[in-house]
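Me: I am new to this structure. Please take me through the reasons behind its labels.

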Protein chains: 2
Amino acid sequence: MREPAKPAKRAPLNRERVVAAAIALADEKGGTGISMRAIAATLGVEAMSLYNHVSGREDMLDGMVDAVFAEIEPPDSSVEWKRAMRERAVSARAALRRHPWAVGLMDSRRTPGPATLRHHDAVIGALRAGGFSVAMTAHAFSVIDSYLYGFVLQELSLPFSDSGELGDVAGGIRRALPEGTHPHLLELMTEHALLPGYAYADEFEFGLSLILDALRPDEA
Amino acid sequence: MREPAKPAKRAPLNRERVVAAAIALADEKGGTGISMRAIAATLGVEAMSLYNHVSGREDMLDGMVDAVFAEIEPPDSSVEWKRAMRERAVSARAALRRHPWAVGLMDSRRTPGPATLRHHDAVIGALRAGGFSVAMTAHAFSVIDSYLYGFVLQELSLPFSDSGELGDVAGGIRRALPEGTHPHLLELMTEHALLPGYAYADEFEFGLSLILDALRPDEA
DNA sequence: ACGCTACGCTTACACTGTAAGTCCGTCAAT
DNA sequence: ATTGACGGACTTACAGTGTAAGCGTAGCGT
């Protein structure tokens, strides 16, 4: 009954392949619904075989998050700091949008992987090269990354992707509003967010510039 | 065998009590590990009974997030806008720290509850009252909330709470660093983050002030 | 030719969310 | 006072989860 038939010389698994398969699956099926069994299936393997390469689910998630950090273009210290920070932020946002599950995972990961550490080091290095003191670097790093992660977090929780859907959804919400309450929310929607051409994604640039322009190496 | 014994006149369930029990459990056991069965148990009830009051797990999570928004002190429109925004941000951070699971949940909720809508309306109203144009209000709302959520997200993912633990953990990481690589990260840790008296929480104030001071009603 | 190790396999367990159906206490209408 | 309906808590059942434990075997260094 059992068919050893074709052992088929399968390409051997390794941590990298396992994590990559998990990422591919998460990208297409969404963060929830990736299970050890499902990941294993895409590799043509049984669930428990994964445990030879990752120590468990948590370890696998750590690996996935670290892989996302590896996709972010690290800032170039030889470039003027403001431009370097802007480009890094754009690259990071792009990576997080490619892998929407990553943001939600970040707050439960407590052990940064090698790519994460390398990335952080590069960011800090670029700020120091731009003339920031150690203390000011810590401040700048904190504001920029907080804004970056928070923006993507909000962006991803919007229930639409293009501005076509926006109209439908917002219209639905507006109709659901208890009529007459929430005047300011209503005003913002009808006179701004619902106008043709509006896209929340464009807000990113405003906040990023606001923060970068407010930061100064030569203070504190 | 079956003991009707004491129907005991149990206080009747309702959506509010169910959601409150879920929140209490999540607060003490952590976001993961709250299951319908566990929630029901704290109410002295079987899992399936909850389904008479919430339509399912997702609905329950929606309710929990909305309840957290209800805890945030809404800004007072009669107060000068910058102060109102600062106080609102502080209150929001406090609420999110009381319920650490909430931030991670936010990015999967797509249907805002009544408290959430009321809160957003109040924030927008306070900015409009402060002289912001509709467009500028949208910008300001986006930056401030992105920073707020992002900061808390990072804060919560730190593997320590007080600055005592910080030393241990950072020491561990530093020892784990491949020796000689990551010079800037190392510098930042030893010359700044590991100094006595440093607490990441204090960074919040810096970024918040930076953003609030950079915002101006009378632009664009 | 030996045994060792690496690694995929099967089995098993405790736990999840929830569909479906049962049963009873309460209350309105008769 | 009797009936009927119904809300809401209950039981049962099922498919799916992560992972502990142990088995089988292919390929290697000796």
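Me: What makes the largest nonpolar core a core?

Reply: This is a predicted model. A nonpolar core is a set of buried nonpolar residues joined through C-beta atoms within 7 Å. The largest such set here has 106 residues. Those with the most contacts inside it are A:Ala22, A:Met64, A:Tyr147, B:Ala22, B:Met64 and B:Tyr147. In soluble globular proteins, nonpolar side chains tend to be buried together.

Me: Which residues does A:Met64 touch, leaving out those up to four places away in sequence?

Reply: A:Met64 touches A:Val19, A:Ala22, A:Ile23 and A:Ala26. Touching calls for C-beta atoms within 7 Å.

Me: Why are the two copies said to be related as by a two-fold rotation axis?

Reply: Chain B superposes on chain A after a rotation of 180 degrees. The shift along the axis is 0.0 Å, and the RMSD is 0.0 Å. The two copies are thus related as by a two-fold rotation axis.

Me: How do you know that the copies meet through the same surface?

Reply: Of the interface residues of chain B, 100% are also interface residues in chain A, so the same surface is used. The contact takes 47 residues from each of chain B and chain A. On the side of chain B that touches chain A, H7(B) gives the most, with 18 residues. That side divides into 23 nonpolar, 15 polar and 9 charged residues.

Me: Why are the buried residues of H9(A) said to line one face of the helix?

Reply: Helix H9 (residues 183–193) of chain A has these buried residues: A:His184, A:Leu185, A:Leu188 and A:Met189. Buried calls for 20 or more other C-beta atoms within 10 Å. Seen down the axis of H9(A), the buried residues fall within an arc of 135 degrees, so they line one face.

Me: What makes a residue count as near a DNA strand?

Reply: Its C-beta atom must lie within 6 Å of the strand. Around DNA strand D there are 16 residues, and A:Ser35, A:Met36, A:Arg57, B:Leu13 and B:Met48 come nearest. Helix H2 (residues 36–42) of chain A gives the largest share of that surface, 3 residues. By class, the surface near DNA strand D has 9 nonpolar, 4 polar and 3 charged residues.

Me: Which residues are closest to DNA strand C?

Reply: A:Leu13, A:Glu46, A:Met48, B:Ser35 and B:Arg57 are the closest of the 17 that surround DNA strand C. Helix H2 (residues 36–42) of chain B gives the most to the surface there, with 3 residues. That surface has 10 nonpolar, 4 polar and 3 charged residues.

Key: Residues numbered from 1 in each chain as written. Chains lettered and ligands numbered in written order. Predicted model: local features only at pLDDT ≥ 70, side-chain atom pairs only at ≥ 80, totals over all residues. Least-squares fit on C-alpha atoms with pLDDT ≥ 70 in both. Contact = placed C-beta atoms within 7 Å. Helix = DSSP H or I, 4+ residues; strand = E, 2+ residues; numbered from the N terminus. Nonpolar A, V, L, I, M, F, W, Y, C, P; charged D, E, K, R; others polar. Buried ≥ 20, exposed ≤ 12 C-beta atoms within 10 Å, placed from the backbone. Arc of directions from axis to C-beta.
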